[in-house]
Amino acid sequence: MNRPPRILLVDDEVAIQRAVAPLLRSRGYEVDVASTGKEAVSAVVDRRPDLIVLDLGLPDLDGTEVCRRIRKESKAPIVILSARGGEQDKVAALDIGADDYVTKPFGSEELLARIRVALRRLEDSEGPELERIAVADLIIEYNRRRVLRGDDEIRLTPKEFELLALLAHNADRVLTHRTILKAIWGANAVDQPEHLWVLMAQLRKKIEPDPGNPRYLLSEPFVGYRLVTVPPST
Amino acid sequence: MTRSTDLRTLSFGCAGIVLITFLLRRWPQVSNATTVALGFLVVVLLVATTARLWVAVTTSIVAVLAFNFFFLPPLGTLVIADPQNWVALLAFLAVSLVASNLSAVARDRTQEAVTRRDELARLLDLSRDVLLITDSAVANSSLAAFIARRFDLDYVAICLPQGAEWTVFESGSHGHALSPVDLSAAFRAVEASTGARPLTAAGHDLRVVPLRFGTKPIGLLAAAGRPIESGTLDALAALAALALERVQFLDERKSAELARQGEELKSALLASLSHDLRTPLTAIRVAADNLQSTWPDERERREQSELIVAEVDRLTRLFQNILEMARIDAGAVSNDARWVAPSEIVDAARNRVEHALRGRRIELSVESDRFVRLDPRLPAAALSHLLENAAQYSPQRSSIEVQGTVSDTGLTITVRDHGDGIASGDLPHLFERFYRGASAKIGRSGTGMGLAIARGVLAVNGGRISAENCADGGARFTIVVPAEVK
């Protein structure tokens, strides 16, 4: 990508626009601003942004509806700003195709980190399909279906490998319970999260240095899971 | 039917007998035992159909005596010579007595039917009254009053047991002291037996019937005065019990409804607060981060710090609104009336929302030579919310017109803007808490509390607020506060 990434900021609150837009510009992004869902959709068409920061509480359209309309026009990652306490909106938007979320009130670094991850994923997916990826201190080899820590192979069951590979493929990005269940067990399993809990516990035992206190395979409460490549230093 | 009408009928009967006697004595050629007997019988029957039995019997006896005295030989005496005439006389007496009796029975039946119809009509009227009872606070006493009125009773009491005590709701012109002991005894008797027969109890000549929900007795109905048939009394009690049950049901529904509204309000408050707090907090947080970093130049730094100040102001106003609303809810808004000039109120309101009115043209027309006696803080608070609204929902360059007038009954303040007016769908909900019109949500911050607060503070001293659209565009809000004027 030669030109600076272009970000569309969608929020009806002028105060948020006035604080966030200069912040993004200061990091070299080009920023367009929209205040309503309809404006957002037409800006996606006209300006072709590389990433969309979308507030779910817009006055004219329901947040998930805006998400759906944007998805029809563009594959650009969507980072949701959610002011509501309810997790349902977030999960619904993530299921529809949003990539990540930040809950208001958030700090600058939190938002910038989410944007960086989402943009990096965009670059990765534009490159050739990878045969192996390194996540944290692990190396995952897709075609040989094995996981190495240093020179030691960690033995995983096929389902455990699928789960790890899925999360690693979407590293640093939150995947909803629903998305994971559907990818690993199929559409009929989306209402049976207990499968996922059990499998995640097994995987953590094999991957995490301290399974009771995971550093890589993190829960996003009520939403889903995220594999972090750079665990918090604490 | 009274005694005097009986006597009048009796005298008419006797006069009829005298008249017939006179006529038949005058024309002996048409008079024989048969014509005399039939003539008298007509009179007796006429009397029997209109008066009570004793009047008819008395008339019959007078007729027998006249028959004997004037027409049966030997004439002029009460002696009867011919045994045939004895038979005729006795037959006449028997016929007239039977006829009297028959007609009296028929009339009693009619009378009874009329009474029945009358009581049925009273019951029907009562049932209508009962359906109109909606206020549970006065339901029991108004029920007693309705029964007393509809049935012309001297005394009606609805007695409901409360443990060992009795709550008695009385109505009627007479009072009776009902002793709880007697009532409890009567109630126990009702509980023990399954039938609904009226009980005569409580010392006085009171009729007492049980009030039942289904088959379970819940109290007693006592009545005195006009005699009422026991069947009617039972029906009356059933109706009264239904009325009590209905009021209880209405009460339950009302409290369920209140609870539901409370829940709705709570979740509206939470949703509103969640959004209204998080937005300024986010803006402040990000702007503060921006100020800490090295990238902003002087102009950008100024912008970011202005943003922080503006958002802190917004949080402060939100906080004030929540506080005001809580004070209204708690009934903690004080009302200290004093003499005040209308312009003082308008000035106070303008000062409160200076930030919103900055750069706006306000056209004032406020009456200056009369004073009102009220707590100026209340209308000023309400007016400030109206001004804030007007500034927010009309173009920056248009004017806002404020008019204050004093009438003999109080103070009226109107605020008129030149915005888009109020959508007709929003008008009925305008003063509801957290209600924000669809168009109001676009690009404008607001909490949906301002107008609800305006209404709430005005209500403290009996003031009202209303909204309308002007014919030539824009909205007009009117505050009316009743007050002493000088």
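Here are some notes on a predicted model, starting with a sheet in chain B and moving on to a few backbone oddities in chain A and the contact between the chains.

1. Let's begin with the sheet. Five strands of chain B make an open sheet, and reading across it the order is β7-β9-β10-β12-β11. The pairing is mixed. The edges are taken by β7 (361–366) and β11 of chain B; each has a single partner strand, so one side of each is left without a neighbour in the sheet. On average, neighbouring strands here are turned by 15 degrees against each other, if you ignore direction.

2. Strand β12 of chain B, residues 475–482, is a good one to look at closely. Its side chains alternate between two faces. B:A475, B:F477, B:I479 and B:V481 point one way and are buried. B:R476, B:T478, B:V480 and B:P482 point the other way and are not buried.

3. What does β12(B) pair with? On one hand there is β10 of chain B (residues 410–416), which runs antiparallel to β12(B) and is joined to it by seven bridges. If you want residues to click on, B:T412 has B:V480 as its bridge partner, and B:T414 stands opposite B:T478.

4. On the other hand there is β11 of chain B (residues 464–469), also antiparallel to β12(B), with six bridges joining the two. Here B:I465 is found opposite B:I479, and B:I479 is one of the buried residues of β12(B). The two strands β11(B) and β12(B) form a hairpin, with five residues between them. In that turn, B:G473 has a positive phi of about 95 degrees.

5. Two helices of chain B are worth finding next. Helix α11 (residues 377–392) packs on the sheet and touches β9 (399–407), β10, β11 and β12 of chain B. Its direction makes about 15 degrees with that of β10(B). Helix α12 (residues 450–460) of chain B lies across β11 and β12, and runs at about 140 degrees to β11(B).

6. Now for chain A and its backbone. Most residues other than glycine have a negative phi, and most peptide bonds are trans. Against that background, have a look at the bond between A:K104 and A:P105: it is cis, with omega about -5 degrees. You'll find A:P105 in the loop between β5 (100–103) and α5 (108–126) of chain A.

7. Two arginines in chain A also stand out. A:R48 has a positive phi, near 50 degrees, without being a glycine. It sits in the loop that links α2 (37–47) and β3 (51–55) of chain A. Is A:R48 buried or exposed? Exposed, because A:R48 has 12 C-beta neighbours inside 10 Å, and the cut-off for exposed is 12 or fewer.

8. The other is A:R145, again not a glycine, with a positive phi of about 50 degrees. Look for A:R145 in the loop between β7 (138–141) and β8 (146–149) of chain A. A:R145 has 12 C-beta neighbours inside 10 Å, so it counts as exposed.

9. Last, the place where the chains meet. The contact involves 22 residues from chain B and 23 residues from chain A. On the chain B side, α7 (230–292) and α8 (298–329) each supply at least two residues. The most comes from α7(B), which gives 13 residues. Sorted by class, the side of chain B that touches chain A has eight nonpolar, eight polar and six charged residues.

Terms used:
Residues are numbered from 1 along each chain as its sequence is written. Chains are lettered from A and ligands numbered from 1 in the order in which they are written. This is a predicted model: local features need pLDDT of at least 70, side-chain atom pairs count only at pLDDT 80 or more; totals for chains, interfaces and linings use all residues. A residue is buried if 20 or more other C-beta atoms lie within 10 Å of its own, exposed if 12 or fewer, and partly exposed in between; C-beta atoms are placed from the backbone. Helices (H or I, at least four residues) and strands (E, at least two) are DSSP runs, numbered from the N terminus. Two strands pair if DSSP finds at least two bridges between them. Axes are lines fitted to C-alpha atoms, for helices over the stretch in contact, and angles run from 0 to 180 degrees between N-to-C directions. Two residues are in contact if their C-beta atoms, placed from the backbone, lie within 7 Å. Ala, Val, Leu, Ile, Met, Phe, Trp, Tyr, Cys and Pro count as nonpolar, Asp, Glu, Lys and Arg as charged, and the others, Gly among them, as polar.
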